[in-house]
Structure formats: C-alpha cells, structure tokens
Amino acid sequence: MPIPYGRQEITDADIEAVVSVLRSDFLTQGPAVPNFESAITAYCGARHGVAANSATSALHMACFALGLGPGDYLWTSPITFVASSNCALYCGAKVDFVDIDPETFNLSPLRLREKLERAAKDGTLPKVVVAVHMCGQPCDMRAIHALGKEFGFSIIEDASHAVGGRYLDEPIGNCRYSDITVFSFHPVKIITTAEGGLATTQSTELDARMRLMRSHGITRDAELLEEPAHGPWYYEQQELGYNYRMTELQAALGLSQIDRLDDYVERRHALVKRYNTLLQDLPLDLPMQHPDGYSAFHLYIVRLKTADQKRQTRVHQALRAAGIMVNLHYIPVPMQPYYRQLGFNASNWPQALDYYRRAITLPLYPTMTDEQQDQVVRALAESLKQTEQ
Ligand SMILES: *Cc1c(COP(=O)(O)O)cnc(C)c1O
C-alpha cells in the first residue's frame, strides 16, 4: 500500500452524521450550515463565520467584501496554492508577490516593507495582502498588521493549512491581526467537509457582504431591503453574486470532524517530533518552528542542503517508486504558465525559487502509524545515499 502525503479520516460517527442529513428535510439551506459556522467561530473566537463550497470561493467572497476591484492590487506569497492569488484576478484586480522568509516559508515582513516603500513612491500600493500560513505555521501577523496600518491595506489570512493552530497563544481565525481569515476543508487539509471552506471575521459589515456574495447577491433581510417588501415572497438582488453555498451534507461532516480537531493536531505534532528526531542526522534542512506559533502542521517539508533540481527529482522519483507519495508544495505561482503570460518572471523571487529547488513534502496525516513513518524515513535515507554525487 502506497503511503500518501496526506489523507482524511472518516469515522462511523461522520457517516451517521451525513446519513442523518440525507434522511432529513434539508439537503441545502437548513440548520447544519449555520451550526457548522457557529462551531468554527466558537472554536476560534471570531464573531462571524461564512461557510462556502470551497476555500477558493471563500477567498473570492473575502476579496469582494473588501472592495477589491479593477485598478487595485492584491499581494501574496509566491509559495502558495494558486487560489491565494487567483481570487484577485476574479475581481479584475492585479496581483503581485512578496518573497518568502527562507526559514518559515511564509511571506517575509522585511521584503514586504521594502516593496511597500517602493510602491508608495510609484502609486502601486496594495489594497489587500493575503498572508498564507504555509504548512500551518502562522505568518508574522503582528508585523504584517502594523504595516497594514502604516500603508493602509486590508489583510486576509489564508489559513487553509491552519485550522486548529494558534498564534501568540490565541486561535488562528480570531482575526486579531486581520480583516478576514479563510479555512479550507478539502480532504488533505486538517479536517474535511469533502469540498468546503469558511471565512471568519469580527466585522458585521464584512460578514453581511460575504453572505450576500455567497448567494447571488440576494437578500431577504428586512433591514437590508432597498424598497418595501411587495409581499411575503419578496427578495432583492442587490449585487452580482454567485452560488458559493455549502451543502447540509458537507456541514454535517464538518461538524462531526470538529470533535477530533485538537486530537488531529496533537497527533500531527507527535509525528513531527518523531520526524525531527529520526531525520536529524540526514543531510537535510528540517522545518523550523517559530516560537510565536503553534502550527496545525498540515505539511512537513524538508529541504535538500543545496538547490539541485536534478537530485531533487531523483529523490522524489526514488521515494515514489518505493510507494512513498512525496509531493512538492508549491511550484512558485509566478512560474505558472498563466502567470508568466501575465508578465511574471519567477527569478524576481529568489528565495521562493531556491525553496522550490530543494523542497520535499513528506507524508503526514493523523492516522499515519509510527511504522509507516519509519518506512518513510528509511526510504528517504536510502534515496539520499543513492543520489550523493
Ligand atoms: C487548499 C488551499 C486553498 C484552496 O482550498 P479549496 O478548499 O480546495 O478551494 C487555498 N489556499 C491554500 C494555501 C490551500 O492550501
């Protein structure tokens, strides 16, 4: 049996929760979605939460709510999934990237300040910065938040990897240093709703804007109507929205999974501790943990000591041949053909490029056994030996 880089756990309780929705009156727009929203917001200490059919949709809703549009810029990290920047393009806005800190793999506040100072001079300051908590490790949110105040941008945390994690001893998602936080519940992430995402915020206005966008730009809320109701059937479309709703089945699965969220993150930490010990003598850079954060550890990424894409390819191939399904998170977004055609050249983000030529994502998921992990370590040691020179 191959060992995947990540996988979900589905229990009997999860299955029962989903089946009971199938037997109920509501497959969509019933009680499960608001219950799931309440459970996540209670968990992370946010005032509002808007569930969506994916984190990608939630990022789009967040950009819309923050008023991002043509002529505006959104900045994010080049080492992320393409959804973190595509959300700006959906709004007709422009994208740019801020190089990473090579230790944390997160957007570097130093590079951000330099870029902001240049942008202030030529009038290209961003309206929104998306801080991606890579692997679950929180970004330096205090620094990014201070820059947001100084240069006047809004902040979205892309916490797709980070539900269950903490920053400065508070749960990620409470938006203390951001306007909106987005979680993903894709099956490889920390907990799952099959497909699904959720945006938290402390702002009643942003919450209302995201809800409007999630459902066609339509509202029935008497307080928001622009003209008196024509009758009990009345609703108004006030914006051009989408159908980004989460189903009741997905929400029921998510609600059932939340019960195990803390256990999952704990198990991930135990496995990371074992990796750190078992790999310490291999010629690799192991992931550093910043003391300000408690990572949800979505991913465990090691790096070769030097950038050598040939060797990196051979190590990846050898491991896959041994049934260890290593992966690489991520190809720098500006290197993607779609982004190259927009004029991006990845050599402008040297730390991201160096990272890309060294990184290997090792398998990590809560149901992984110690024996499976030992198998990964043995195969990795062997592949490194094989590819020495
Ligand atoms: C998975 C992921 C997304 C997109 O999540 P979906 O729920 O699949 O849309 C966005 N950003 C990051 C960093 C991700 O890892």
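## Aromatic pairs and burial

A residue is called buried when its relative accessible area is under 20%, exposed when that area is over 50%, and partly exposed in between. In this predicted model, Tyr-338 has a relative accessible area of 48% and is therefore partly exposed, whereas Tyr-339, at 2% relative accessibility, counts as buried.

The structure holds 12 aromatic pairs. One of them is formed by Tyr-167 and Tyr-177, whose ring centres lie 5.7 Å from each other with 85° between the planes, an edge-to-face arrangement. This pair links distant parts of the chain, since Tyr-167 belongs to strand 6 (residues 166-167) while Tyr-177 lies in the loop between strand 7 (170-171) and strand 8 (180-184), 10 residues apart. Tyr-167 counts as buried at 7% relative accessibility, and Tyr-177 counts as buried at 18%. The rings of Tyr-338 and Tyr-339 form another pair, and because their planes stand at 75°, with the centres 6.0 Å apart, that pair is edge-to-face. Tyr-338 and Tyr-339 also belong to one aromatic cluster together with Phe-97, Phe-344 and Trp-349.

## The open sheet

Seven strands make up an open sheet with mixed pairing, and their order across the sheet is 1-9-8-5-4-2-3. Strand 1 (48-52) and strand 3 stand at the edges, and because each has a single partner strand, one side of each is left without a neighbour in the sheet. On average, and with direction ignored, neighbouring strands of this sheet are turned by 20° against each other.

Within this order, strand 2 and strand 4 run parallel and are joined by two bridges. Leu-74 has Val-128, in strand 4, as its bridge partner. Helix 5 (residues 109-122) lies across strand 2 and strand 3, and its direction makes an angle of about 160° with strand 2. A contact between a charge and a ring may be added here: the charged end of Lys-115 sits over the ring of Trp-75, at 5.2 Å from the ring centre.

## Helix 4 and its surroundings

Helix 4 (residues 83-90) is largely enclosed by the rest of the structure, because six of its eight residues are buried. The buried residues are Ala-83, Ser-84, Ser-85, Asn-86, Cys-87 and Ala-88. The elements that cover them include two helices of the chain, helix 3 (55-65) and helix 11 (337-341), as well as strand 2 (73-76), strand 3 (94-97), strand 4 (128-132) and strand 5 (154-158). After helix 4 comes Gly-92, whose phi is positive, near 80°.

## Cysteines without disulfides

The structure holds zero disulfides. For Cys-44, the nearest cysteine sulfur is that of Cys-175, 7.3 Å away, and Cys-44 is in no disulfide. Cys-44 counts as buried, at 1% relative accessibility.

Cys-87, one of the buried residues of helix 4, is likewise in no disulfide, the nearest cysteine sulfur being that of Cys-63, 3.6 Å away. Why does a separation of 3.6 Å not make Cys-87 part of a disulfide? The two sulfur atoms of a disulfide have to be within 2.5 Å, and the 3.6 Å between the sulfurs of Cys-87 and Cys-63 therefore does not meet that cut-off. Cys-87 has a relative accessible area of 0% and is buried.

Methods. Residues are numbered from 1 along each chain as its sequence is written. This is a predicted model: local features need pLDDT of at least 70, side-chain atom pairs count only at pLDDT 80 or more; totals for chains, interfaces and linings use all residues. Side-chain values use heavy atoms; hydrogens and water are left out. Buried means under 20% relative accessible area, exposed over 50%, partly exposed in between (1.4 Å probe, protein chains only). Helices (H or I, at least four residues) and strands (E, at least two) are DSSP runs, numbered from the N terminus. Contact means heavy atoms within 4.5 Å. Rings of Phe, Tyr and Trp (its six-membered ring) pair if their centres lie within 6.5 Å; planes under 30 degrees apart count as stacked, over 60 as edge-to-face and the rest as tilted. A charge sits over a ring if NZ of Lys or CZ of Arg is within 6 Å of the ring centre and within 35 degrees of the ring normal. Two strands pair if DSSP finds at least two bridges between them. Axes are lines fitted to C-alpha atoms, for helices over the stretch in contact, and angles run from 0 to 180 degrees between N-to-C directions.
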